[in-house]
Amino acid sequence: MKSLLFRLGLLAFFICIFAGCKKNKITAPSGPPTITGVSNPVAGIGYHILVAGTNFSSSISGNTVAINGVTGVVTSASSNQLAVVFTNTVTGKISVTVNGNTATSGIDTRIINLSVSTLAGSGAIGSDNGAGNVASFNGQWGCAMGANGNLFVADTYNHKIRKVAFDGTVSTVAGTGSQGNQDGPSGTATFNYPYGIAVDKNDNIYVSEIGSDNIRKIAPDGTVSTFAGSPSGRTGSSDGTDTSATFQDPLGLGADADGNIYVADAANNKIRKITPAGVVTTIAGNGTAGAGNGTALSATFNTPLSVAVDAGKNLYVTEQKNYDIRKIASDGTVTTVAGTGQAGSADGPGSSAGFNFPVGIVADLSGNLYVTDNGYGTIRIITPSGFVATVAGNGNQTSIDGIGYQASFKNPLGMAMDSGGNLYVMDNSSNKVRKVTVQ
């Protein structure tokens, strides 16, 4: 019996060799580790960073990866690559320690904590006002931050403009709920599928209406008027003053510090500007669908959705059919900031990063851009150097609060930012307003 067991053990040994079991054998590093590259200069909590190098341990437990003493979780390991996630906010150089020897990266990596919570919306379809957890929306699209931390929402299928206070309390600013384009006092005025929204320095609220192809204005006293575009809903692409100008599917709006309003005129493939006096001009796009860069009026766009203005008066545009982010510099030059032109979700340098239906966009004071990537239900960041990273959302089309990768969105569209750098996302299909605290 003993001889038989010996022979069976010997047979198993040789089978293992010929089957390739030796490939899985953990071998000790031949020398101290080195780091030759780090995949991400910025990452959200819970997202993988790949560290390339030499002489790593092929055992996960044989490597310690840290940033400024904050240890990450190694999820896979080979002799030349480690995958690691961090669960704390930290910035610094990555270090890898193997058998008491430590290698340090040449560049810093920043781990961002984006904590997602629900500010308002019960999740039910409706138009109820009240506390955030009982209030309801119906397919909200755009949003903009006003004074005193109030968020204004284009509640599209309710044909209303809503206000969400800092504590989440929801009220109706204007609109009866009936579809129409009646001007007048806020309690009798009507809207026709409001989509984009912007607030100027004097607290005037501007609303783009896809149903009437015009731009409406809500004064601080609640009076609603047609600011630009045909009151009768006549479509076109004519520049002009006030109601002599025409639009076709105006969507996202943005406002600069001088009170100018910018319009993503989607079906015209143009970016339009409206001065405080109501003068409408085309500032970029020749009207032909395309992705051509260059001088403003020779460049082409393909279904621009949203527009954001940074502190230097540069404009940033999200495009549905080009799957990219474009920049209109203050001198009018149009360039592509990020996106390959094809749908994708890859992080990385802007020229190789992928987007799938990017919609909302905001710029912070540090030069970062945040984008809602609707097709994958995520929030992306574009750093000033042009690197793209996913910082919130896991791609599951659900509405779950959490931090970074643990959070999920359901059809995220418009986005706004408050003075503290926190984000507000219109989580359209969940009928909720989500708050994203950035740390």
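**Exercise 1. Work out how Asp347 is placed and which residue its side chain pairs with.**

Asp347 is partly exposed, with a relative accessible area of 32%; buried means under 20%, exposed over 50%, and partly exposed in between (1.4 Å probe, protein chains only). A word on the model before we go on: it is predicted, so local features need pLDDT of at least 70 and side-chain atom pairs pLDDT 80 or more, while totals for chains, interfaces and linings use all residues. Residues are numbered from 1 along each chain as its sequence is written, and side-chain values use heavy atoms, without hydrogens and water.

Next, find the partner: Asp347 and Arg380 form a salt bridge, 2.9 Å from N to O. The term requires a side-chain nitrogen of Lys or Arg within 4 Å of a carboxyl oxygen of Asp or Glu. Finally, check Arg380: at 1% relative accessibility, it is buried.

**Exercise 2. Describe the salt bridge between Arg216 and Asp183, then look for a wider network.**

Start with the distance, which is 2.9 Å from N to O. Then place the partners: Arg216 is in strand β17 (residues 214–218), and Asp183 is in the loop between β14 (170–174) and β15 (194–199), 33 residues apart. Strands here are DSSP runs (E, at least two residues), numbered from the N terminus. Now compare surroundings: Arg216 is buried at 0%, whereas Asp183 is partly exposed at 27%. Last, salt bridges with shared partners join Asp183, Glu209 and Arg216 into one network.

**Exercise 3. Is Arg272, the partner of Asp265, buried or exposed?**

Their closest N and O atoms are 2.7 Å apart. Arg272 is buried, at 0%, and Asp265 is buried, at 0%.

Note on methods:
Helix = DSSP H or I, 4+ residues; strand = E, 2+ residues; numbered from the N terminus.
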